Amino acid sequence: MNSHKKETNDKGKSPEQILAATVVAGHHKLEKPFLAKAILGFIGGAMISLGYLLYIRIAASALETFGPFSSILGACGFPIGLIIILMAGGELITGNMMAVSAAFFAKKAKGWDLLKNWLMITICNVLGAIFVAYVFGHFVGLTAHGIFKAEVIEVAHAKIAAGPLQAFVSGIGCNWFVGLALWLNYGAQDAAGKVLGIWFPVMTFVAIGFQHSVANAFVIPAAIFEHGATWFAFLENFVCVYLGNVVGGAVFVSLFYYLAYKQSLALKAD
């Protein structure tokens with residue numbers, strides 16, 4: 001009996017069990033006190049931005065040697081931000097778009113509570129992202145000089161250059177992968193499994209070039225502080241990408257898996 005139980009644990013949770021765990025996690029996010037949400041939201045925005053700062057430093061440094069492949073190397077470093085958020089503590093709006101939506105679909109959260117959570121975490125994430133862009137990027141100088149400045153401005157211009165519909169669809173692709181990273185994290189049984197479950201989907205969306213609203217709240221303001229972009233361009237991009245992120249996380253992950261496995265939740269409730 002014990003050996004069978006260990007074998008089941010080693011394999012991780014089934015998709016039905018992951019859905020149940022996601023619903024619980026989403027409900028728990030709503031129950032956190034205001035101060036905890038504010039602090040963890042700021043941490044979430046900062047950690048994603050520090051992951052993107054690592055991407056910039058790697059990609060710019062490796063460009064001369066590895067050419068276009070340098071962006072793939074940078075993508076390999078970016079997931080550290082979400083790994084820290086999910087394993088050390090943090091709130092990230094793209095993750096909440098998935099997890100809190102699962103609780104909503106399972107009737108464990110009200111629509112108004114979902115929207116309030118999204119608004120607060122979004123504001124705190126953006127504050128954390130802009131903090132990193134200014135303090136570490138501009139003030140410390142990590143994106144203010146030479147190849148690093150050129151890289152951050154080039155990346156920001158690539159984000160801004162996307163049309164509204166392109167940015168929206170790119171946002172869907174991004175949070176489809178980020179939502180799957182959370183899904184795999186909730187299904188893993190140990191730390192190594194969680195790290196791998198987070199790392200591969202996040203690395204993939206960055207390498208592809210999909211747009212993440214909070215990451216953009218770092219890289220575009222970082223370019224703004226170096227006179228390479230405008231706040232209007234940032235706001236226009238942020239809104240389109242953010243709406244795409246909502247669809248990617250809430251629909252392509254939470255709703256799809258809820259519709260596929262909701263029967264298991266009903267049986268568990270009975």
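A cavity is a set of grid points where a 1.4 Å probe fits but cannot get out. In this predicted model, two cavities of 30 Å³ or more are counted. The largest cavity holds about 40 Å³ of space. Its lining consists of Lys29, Leu82, Ile85, Leu86, Gly90, Leu92, Thr94, Gly95, Val178 and Leu182. The elements that give two or more residues to this lining are α5 (80-88), α6 (93-105) and α9 (164-187), and α5 gives the most, with three residues. By class, the lining of the largest cavity comprises six nonpolar residues, three polar and one charged.

The second largest cavity has a volume of about 30 Å³. Around this second cavity lie Ile48, Phe78, Leu82, Leu92, Val178, Val202, Phe205 and His212 as lining residues. Seven of the lining residues are nonpolar and one is polar, while none is charged. Leu82, Leu92 and Val178 appear in the linings of both cavities.

The open space was examined next. The largest pocket encloses about 390 Å³ of space. A total of 21 residues line the largest pocket, with Tyr52, Tyr55, Ser71, Val155 and Lys159 lying nearest its centre. Two or more residues of this lining are given by each of α3 (34-66), α4 (70-77), α8 (146-161), α10 (191-208) and α11 (213-225). Of these elements, α8 provides the largest share, five residues. The lining of the largest pocket is divided by class into twelve nonpolar, six polar and three charged residues.

The packing of nonpolar side chains was also considered. The largest nonpolar core contains 70 residues, and those that touch the most other members are Ile48, Tyr52, Phe78, Leu82, Trp118, Phe218 and Val219. The largest share of this core comes from α11, with ten residues. Several of these core residues recur in the spaces described above: Ile48, Phe78 and Leu82 belong to the core and also line the second largest cavity, and Leu82 is in addition one of the residues lining the largest cavity. Tyr52, likewise a member of the core, is among the residues nearest the centre of the largest pocket.

Trp118 is another of the core members that touch the most others. When neighbours within four places in sequence are left aside, Trp118 is in contact with Ile93, Asn96, Met97, Val100, Ser101, Tyr242 and Val246.

Conventions. Residues numbered from 1 in each chain as written. Predicted model: local features only at pLDDT ≥ 70, side-chain atom pairs only at ≥ 80, totals over all residues. Heavy atoms only, no water. 1 Å grid on protein atoms, 1.4 Å probe; cavity = no way out; pocket = protein on both sides within 12 Å on 5 of 7 lines; lining within 4 Å. Points joined across faces, edges and corners; volume = space filled by probe spheres on them. Helix = DSSP H or I, 4+ residues; strand = E, 2+ residues; numbered from the N terminus. Nonpolar A, V, L, I, M, F, W, Y, C, P; charged D, E, K, R; others polar. Core = buried A, V, L, I, M, F, W, Y, C linked by side-chain atoms within 4.5 Å. Buried < 20%, exposed > 50% of the residue type's maximum accessible area, 1.4 Å probe, protein only. Contact = heavy atoms within 4.5 Å.
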